[in-house]
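Trainee: Please give me a close look at a single part of this protein, with enough of the surroundings to place it. Explain the terms as you go.

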Amino acid sequence: MPQEETPPPLQRRSTGALVARFLVLALGFVCMVGFAALLARATLVPSPESADLTHTNLRPGDSVRAYLERPELRDSVKQLGGNLLLGLPFGVLLPVIAPGARGLLRVAAVTAAVMLLVEAVQGVVVTGRAFDVDDVLLNTAGALAGYLVAGRRLGRALHPRRRHWWHRWTAPRPGPPQAPPRP
């Protein structure tokens, strides 16, 4: 007879587990709202003094190459590292507040879509800012790193695992009912 696995502490049906789960979800939501506010502040604030210096980049790798060729390492680290760090909270928080967005490909797709939207608004509406495809790629890479480091574990601790269509063939099948032992 197979043993039933005990669910992780936050997935149990006790009152304490439900309260803890609610608190973690609420904290995740508050953090995501805070992250959205910081993202807007960092990317959607006009910069009129740099309007002449900005240009749209639609070729992946061009901006990264330009930053790496700069003599000032600090500027390169600030720009490239900042874009990676900007995506990191997305990879950690997304699986916590949206269980349907768990998984490496889903986190990448949602992050890329949101960052494409941010870059499009930034390039079209905000003075002194431009669309840069490298920013989208770096933000998405940061989100994937955040997912692999913490988001995956947090999402699994909070939400039960999904049963996929292929489990029909890979999951162990229950055997025929067993007759009670004879005395």
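Mentor: What follows starts with the whole chain, turns to one buried residue and its helix, and then visits the surface.

This is a predicted model, in which local features need pLDDT of at least 70 and side-chain atom pairs count only at pLDDT 80 or more, while totals for chains, interfaces and linings use all residues. Residues are numbered from 1 along each chain as its sequence is written, and side-chain values use heavy atoms, with hydrogens and water left out.

The protein has 6 helices and 0 strands; helices (H or I, at least four residues) and strands (E, at least two) are DSSP runs, numbered from the N terminus. In sequence order the pattern is α-α-α-α-α-α. Of the 183 residues, 28% are buried. Buried means under 20% relative accessible area, exposed means over 50%, and partly exposed lies in between (1.4 Å probe, protein chains only). Among contacts with a separation of 6 or more, 78% join residues 24 or more positions apart; a contact means heavy atoms within 4.5 Å.

The part to look at closely is Asn139, which sits in helix 5. Asn139 counts as buried because its relative accessible area is 2%. Apart from neighbours within four places in sequence, Asn139 is in contact with Asn83, Leu86, Gly87, Thr111 and Met115. With Asn83 there is also a polar contact: the side chain of Asn139 comes to 2.6 Å from the backbone oxygen of Asn83. A polar contact is a pair of N or O atoms within 3.5 Å; within protein, one must be able to donate a hydrogen and the other to accept it, and residues adjacent in sequence count only if both atoms are side-chain atoms. Thr111 lies 28 residues from Asn139 in sequence, yet their C-alpha atoms are 7.6 Å apart.

Now follow the helix itself. At the start of helix 5, a side-chain oxygen of Asp132 lies within 3.0 Å of the backbone nitrogen of Asp134. Helix 5 spans residues 133-158 and has a kink of about 55° centred on Tyr147. The bend at a residue is the angle between axes fitted to the seven residues ending there and the seven starting there.

Another pair to find is Leu105 and Leu144: they are 39 residues apart along the chain, with 8.9 Å between their C-alpha atoms. Leu105 belongs to helix 4 (residues 104-124). Leu105 counts as exposed because its relative accessibility is 72%.

For contrast with the buried Asn139, look at charged side chains elsewhere. The whole structure holds 2 salt bridges, a salt bridge being a side-chain nitrogen of Lys or Arg within 4 Å of a carboxyl oxygen of Asp or Glu. Asp62 pairs with Arg59, with 3.7 Å between the closest N and O atoms. Asp62 also pairs with Arg65, at 3.0 Å from N to O. Arg59, Asp62 and Arg65 are thus linked in a network. Arg65 and Asp62 are about one helical turn apart, because 3 residues separate them in helix 2. Arg59 counts as exposed, because its relative accessible area is 58%. Asp62, at 25%, is partly exposed, and Arg65, at 44%, is also partly exposed.
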